[in-house]
Amino acid sequence: MIKIVVAGFKGKMGLTATKMVIENEKFELVGVLDPMATEANLNELPEFVQLDIPVFHQKEELVKQVKPDVWIDFTIPKVAYQHTLFAVENGIRPVVGTTGFTESQVAGLITQTKEQQLGGLIAPNFAIGAILMMQFAAKAAEYFPDVEIMELHHDQKLDAPSGTAIKTAEMIAEVRGYHQQGNPAEKELIKGARGADFEGMKIHSVRLPGLVAHQQVQFGSAGEGLTIRHDSYDRASFMTGVALGCEKVMELDQLVYGLENLL
Ligand SMILES: NC(=O)C1=CN([C@@H]2O[C@H](COP(=O)(O)OP(=O)(O)OC[C@H]3O[C@@H](n4cnc5c(N)ncnc54)[C@H](OP(=O)(O)O)[C@@H]3O)[C@@H](O)[C@H]2O)C=CC1
Ligand SMILES: O=C(O)C1=N[C@H](C(=O)O)C[C@H](O)C1
């Protein structure tokens, strides 16, 4: 059995991941973490009354009391890097969905895990369909260099653009490099009208109640267009990828960035 802790267990993703770990016979949930939680045991929450899982309020306490193999993290961009570094320093394999890592933070974590020969995963998106959307978009960019990304999310999201949009832009930029798009003389009449700019491609972030996680990658060329779209209607869409990540990190000897590296 793979021993797992979930950081951010009361959040939208953390709660879904906690249930997935409990229901998966290959996994054992050994603890959950949230400094703001008022509970001492998971069984104080109505849906988990039959369980006996400690709630930790400090990560230092967690590593003293339980010896997890894997640290699932769905918290907030502000703490995700510290959490991941802490997990690695304590020999716990991180499986991180939290967004907001800088390129140099990811690079530093890869170097450190290589030195320790410790598996790990940071995945901006765990949905298999989203991975395919990113890969199809990178393929399309070989023929259609003009592209704009529209990501649409629920209105509680803290970061913009989404981690998925940034990863998509990185994958497209790897194929086509910098490419100036639109009219070089264009002028924004309202600041931000053309969205964020990544290597010449624009990224637009929509936040509305009722949405979960959606992304459209729209290509245009002479007389034709191509749109690649993925929709997560439910957070269950991410769980196959999280479960796969928890198993695969046990075999890896370094951290990888992106679930596509494990498929
Ligand atoms: N990779 C992927 O496939 C996906 C990634 N995400 C990402 O996951 C992250 C979480 O998303 P979501 O679940 O929607 O967000 P939520 O706001 O619903 O959940 C975040 C949780 O983290 C808790 N938290 C805050 N600080 C800490 C801390 N120091 N230690 C432990 N827990 C903490 C929050 O507690 P409190 O509310 O009390 O502050 C909250 O319960 C985001 O970065 C999001 O972009 C989301 C979906 C899929
Ligand atoms: O905050 C979310 O909800 C999501 N965050 C991730 C991101 O920023 O890309 C993954 C998915 O889009 C849902």
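**Ligand 1**

I began at ligand 1, where an oxygen atom of the ligand is 2.8 Å from a polar backbone atom of phenylalanine 126; I took a polar contact to be a pair of N or O atoms within 3.5 Å, and within protein I also required that one can donate a hydrogen and the other accept it, with residues adjacent in sequence counted only if both atoms are side-chain atoms. The protein covers 79% of the 920 Å² of accessible area that ligand 1 has on its own, an area that comes from the Shrake-Rupley method with a 1.4 Å probe, where for residues only the protein chains shown count as cover.

I note that this is a predicted model, in which local features need pLDDT of at least 70 and side-chain atom pairs count only at pLDDT 80 or more, while totals for chains, interfaces and linings use all residues. Residues are numbered from 1 along each chain as its sequence is written, chains are lettered from A and ligands numbered from 1 in the order in which they are written, and side-chain values use heavy atoms, with hydrogens and water left out.

I then looked up two further pairs: a polar side-chain atom of threonine 99 lies 2.9 Å from an oxygen atom of ligand 1, and a polar backbone atom of proline 124 is 3.1 Å from a nitrogen atom of ligand 1. Around ligand 1 I found 23 residues, of which the closest are Lys12, Met13, Thr99, Ala123 and Phe126; a residue counts as near a molecule or strand if one of its heavy atoms lies within 4 Å of it.

**Ligand 2**

Among the residues around ligand 2 I listed Thr99, Pro124, His153, His154, Gly163 and Thr164. Oxygen atoms of ligand 2 also make short pairs: one is 2.9 Å from an N or O atom in the side chain of histidine 154, one is 2.8 Å from a polar backbone atom of glycine 163, and one lies 2.5 Å from a polar side-chain atom of threonine 164. Of the 320 Å² of accessible area that ligand 2 has on its own, the protein covers 85%.

**Helix H4**

Which residues of H4 are buried? I found Val106, Leu109 and Thr113, where buried means under 20% relative accessible area, exposed over 50% and partly exposed in between, with a 1.4 Å probe and protein chains only. They cover an arc of only 65 degrees around the axis, which puts them on the same side of H4. The face turned away from that buried side carries the exposed residues Glu103, Ser104 and Glu115. What covers the buried residues includes helix H3 (77-89), strand S6 (120-122) and strand S12 (255-257).

**Threonine 16 and histidine 83**

I placed threonine 16 in helix H1 (residues 12-23), and at 22% relative accessibility threonine 16 counts as partly exposed. A polar atom of the threonine 16 side chain lies 2.7 Å from the backbone oxygen of lysine 12. Leaving aside neighbours within four places in sequence, threonine 16 is in contact with Arg235, Ala236 and Met239, contact meaning heavy atoms within 4.5 Å.

Histidine 83 lies in helix H3 and, at 10% relative accessibility, counts as buried. Not counting residues up to four places away in sequence, histidine 83 touches Ala7, Leu33, Lys59, Trp71, Asp73 and Thr75.

Technical notes. Helices (H or I, at least four residues) and strands (E, at least two) are DSSP runs, numbered from the N terminus. The arc is that of the directions from the helix axis to the C-beta atoms.
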